[in-house]
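Let's take a walk through a protein together, one stop at a time. Keep the picture open beside the text and look for each residue as it comes up.

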Amino acid sequence: MSWWSFISAEEKYERKISTSTLLRRIYPYAKPFIGHVVLTLFTILLVTLVNLTPPLISRDLIDNVLPAKGQEPDRSKMSRFNFLCLAMLLIPLVRSTLKVLESYISNKIAVDLTRNLRLALYSHLQEMSIRFFTNTKIGEIMSRLNNDVSDAQRAITGTFIDIITNVVTLGIAMVIMFSLEWKLTLVSFGIFPLFILPARRIGEKLRKLTRERLDSFAKM
């Protein structure tokens, strides 16, 4: 579907576009960046693993290395103790390096994708008739060039990556939590729906406010 679907000459015309529909429409523009997106997702996976490593190190340190109350320290475990302490010190450094790499790749995708989207839309506008520009408000056209293109870019570099990040983090966290204490994990997931329902309500209100904001920009 062409960019004409995003532009309407009728003032009262309104079309609701879902996130899935928007992703399908801009997929041809995102296809050249699939390699960068895969690299970003791989970086996110590494960051998630690094973030979830400290609880495992702490468990090993408390259960296997540190002596129990009233016991003498086991000198044979000093090398393991030093290794775990070194790992705790290196985790922030590794995490920061991976986050910088992830930020660089994401920003590169965002800039290049936004450029391609705006060039395509601008080229399409050059082919429109004079009647179109007579019947369409300048604010509406500028809103499509600026706000709608930015929203399409965020759907890939923001929404899509955030969804993958949350799914990966939740999956790995569940495995680690069940390995540490499965009973407490079941209790924590029992109250999980209490956070989902308010989040959905807030998300619906935010989408409505965003649409109203874009409509206000188009009327300027």
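**A tour from helix to helix**

Our starting point is Pro 54, which sits in helix 3, the stretch covering residues 53–65. Keep in mind that this model is predicted. Pro 54 and Ala 87 are 33 residues apart along the chain, yet their C-alpha atoms are separated by 8.7 Å. Leaving aside residues up to four places away in sequence, Pro 54 touches Met 88 and Ile 91.

Now zoom out. The protein has eight helices and zero strands. Among its contacts between residues at least 6 apart in sequence, 78% join residues at least 24 apart. Of the 220 residues, 29% count as buried. The accessible surface comes to about 15,300 Å², and 65% of that belongs to carbon and sulfur atoms.

Next, let's look inside. Which residues make up the largest nonpolar core? There are twelve in all: Phe 33, Val 37, Ile 105, Ile 109, Leu 113, Leu 117, Leu 121, Leu 125, Phe 132, Ile 141, Leu 145 and Val 149. Helix 4 (78–126) and helix 6 (138–180) each supply at least two residues of this core. The largest share, six residues, comes from helix 4. Apart from this core lies another one, of eight residues, including Val 65, Leu 84, Ile 91 and Leu 98. You have met Ile 91 before, as one of the residues that Pro 54 touches.

Val 149, a member of the largest core, has several neighbors to find. Not counting residues up to four places away in sequence, Val 149 touches Thr 114, Leu 117, Arg 118, Leu 121 and Arg 144.

Another residue worth finding is Thr 43 in helix 2, which runs over residues 34–51. Is Thr 43 buried or exposed? Its relative accessibility is 2%, so Thr 43 counts as buried. Again setting aside residues up to four places away in sequence, Thr 43 touches Leu 98, Leu 101 and Glu 102.

Glu 102 brings us to the charged side chains. Side chains of opposite charge can pair when their charged atoms come close. How many salt bridges does a search of the whole structure find? The search finds four. One of them joins Lys 99 to Glu 102, with the closest N and O atoms 3.6 Å apart. These two residues are three apart in helix 4, so about one helical turn separates them. Lys 99 is partly exposed at 40% relative accessibility, whereas Glu 102 is buried at 13%.

Further along helix 4, Lys 108, Asp 112 and Arg 115 are linked in a network of salt bridges. Between Lys 108 and Asp 112, the closest N and O atoms are 3.5 Å apart. Arg 115 and Asp 112 meet at 4.0 Å, N to O. Because Lys 108 and Asp 112 are four residues apart in helix 4, they too are separated by about one helical turn. Asp 112 counts as buried at 15% relative accessibility, while Arg 115 is partly exposed at 47%.

Our last stop is the surface. There, Leu 170, Met 174, Phe 178, Trp 182, Leu 186, Phe 192 and Ile 196 form a nonpolar patch with about 620 Å² of accessible area together. Helix 6 gives the most to this patch, with three residues. Ile 196 lies in helix 8, residues 193–219, and counts as partly exposed at 36% relative accessibility.

Key. Residues numbered from 1 in each chain as written. Predicted model: local features only at pLDDT ≥ 70, side-chain atom pairs only at ≥ 80, totals over all residues. Heavy atoms only, no water. Core = buried A, V, L, I, M, F, W, Y, C linked by side-chain atoms within 4.5 Å. Buried < 20%, exposed > 50% of the residue type's maximum accessible area, 1.4 Å probe, protein only. Contact = heavy atoms within 4.5 Å. Patch = residues over 30% accessible without salt bridge, like charges linked within 9 Å, V, L, I, M, F, W, Y side chains within 5 Å. Areas by Shrake-Rupley, 256 points an atom, 1.4 Å probe, with all protein chains shown as cover. Salt bridge = Lys/Arg side-chain N within 4 Å of Asp/Glu carboxyl O.
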